[in-house]
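Here are my notes for you to read alongside the model. Keep the 3D view open and click on the residues as we go.

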Amino acid sequence: MSDMNIFMTGGFAGHDRSPRYSTTVHTELKSTTFSFLGSTYCVHCGEPAKAIQANIQTLNCYKTTGHRCTCEGALDEMAERLAYELGSFSRCSLIDKPETKKPNTFMLKKLIEKRERVRLSDFERPSTITEGCASRKFIVEQRTEIKYNLHHERCKDYPFTKFMHRVKEHYEAYQTALDSAIASLKETSVNEFQKVFDPVKARQL
């Protein structure tokens with residue numbers, strides 16, 4: 001289990017006193033998963049993905065709204081998707097959305113080997129990928145915690161703080177890529193303008 005895990009509750013359970021996984025916290029974050037052999041797995045590590053259950057208050061019950069994993073790859077993906085969403089980079093055609101990883105052949109082979117019994121019907125439905133997503137609501141919901149943790153030295157090793165630093169790194173990388181793309185576009189536009197209206201100067205460039 002990753003020490004970057006931000007999805008643990010405060011309590012512990014089991015003979016090894018391991019932290020409990022809560023399916024009802026941070027429902028705004030989902031990592032990419034794929035369905036295979038009737039189960040849902042993480043596309044990064046191949047381990048079973050955990051269900052995310054949101055509280056449907058109008059029905060007074062919980063409903064599975066997606067899945068995620070807590071491995072390093074999944075956490076980094078969710079941090080990148082959150083950064084992409086926070087910067088509204090999706091509104092700019094110059095920046096591509098985060099790439100969706102696919103399970104490789106080796107991963108699928110290992111999953112088949114783990115099964116004690118594999119039936120032909122297991123393969124009738126092909127593997128389907130469910131793309132991860134992140135909502136800016138995550139920031140709104142955790143605003144107080146973010147503001148406190150990021151500005152206190154003793155909180156620098158907290159899993160939540162580490163996750164937010166990942167988000168910050170991805171955000172800055174996207175912003176740098178955007179600035180570079182805009183600068184390149186401006187340079188191209190200037191050159192094209194000069195070729196039409198100032199051909200002599202354009203040949204000197």
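1. First, some vocabulary: a residue is buried when its relative accessible area is under 20%, exposed when that is over 50%, and partly exposed in between (1.4 Å probe, protein chains only). This is a predicted model, so local features need pLDDT of at least 70 and side-chain atom pairs count only at pLDDT 80 or more, while totals for chains, interfaces and linings use all residues. Residues are numbered from 1 along each chain as its sequence is written, and side-chain values use heavy atoms, with hydrogens and water left out.

2. Now for the charged pairs. A salt bridge here is a side-chain nitrogen of Lys or Arg within 4 Å of a carboxyl oxygen of Asp or Glu, and the whole structure has 8 of them. Look at Arg 81 and Glu 77: their closest N and O atoms are 2.7 Å apart. Both Arg 81 and Glu 77 are buried. They sit 4 residues apart in helix H1, so about one helical turn separates them. (Helices are DSSP runs of H or I with at least four residues, strands are runs of E with at least two, and both are numbered from the N terminus.)

3. Next, find Lys 97 and Glu 131, a salt bridge with 3.3 Å between the closest N and O atoms. Lys 97 is in the loop between H1 and H2, while Glu 131 is in the loop between strand S8 (128-130) and strand S9 (133-134), so this pair ties together parts 34 residues apart in sequence. Glu 77, Arg 81, Lys 97 and Glu 131 are in fact linked in a network of salt bridges.

4. Another one to click on: Glu 47 and Lys 114, with closest N and O atoms 3.6 Å apart. This salt bridge links distant parts of the chain, 67 residues apart, with Lys 114 in helix H2. Lys 114 is exposed at 54% relative accessible area, whereas Glu 47 is partly exposed at 38%.

5. Which residues touch the most other members of the largest nonpolar core? They are Leu 29, Leu 82, Phe 138, Phe 163, Met 164 and Val 167, out of 13 residues in that core. (A nonpolar core is a set of buried Ala, Val, Leu, Ile, Met, Phe, Trp, Tyr and Cys residues joined through side-chain atoms within 4.5 Å.) H1, H3 and H5 each supply at least two residues, and H1 gives the largest share, 5 residues. A second, separate core has 7 residues, including Phe 34, Tyr 41, Val 43 and Leu 111.

6. Rings next. Phe, Tyr and Trp rings (Trp by its six-membered ring) pair if their centres lie within 6.5 Å; planes under 30 degrees apart are stacked, over 60 edge-to-face, and the rest tilted. There are 6 aromatic pairs in the structure. Phe 34 and Tyr 41 make a tilted one, 5.9 Å centre to centre with 35° between the planes. Phe 138 and Phe 163 make an edge-to-face one, 5.9 Å centre to centre at 75°. Phe 138 lies in helix H3 and Phe 163 in helix H5, so this pair ties together parts 25 residues apart in sequence.

7. Finally, the cysteines. A disulfide means two cysteine sulfur atoms within 2.5 Å, and the search of the whole structure finds 0. Cys 69 is in none, its nearest cysteine sulfur being that of Cys 45, 3.7 Å away. The sulfur of Cys 71 is 3.8 Å from the closest one, in Cys 42, which is too far for a bond.
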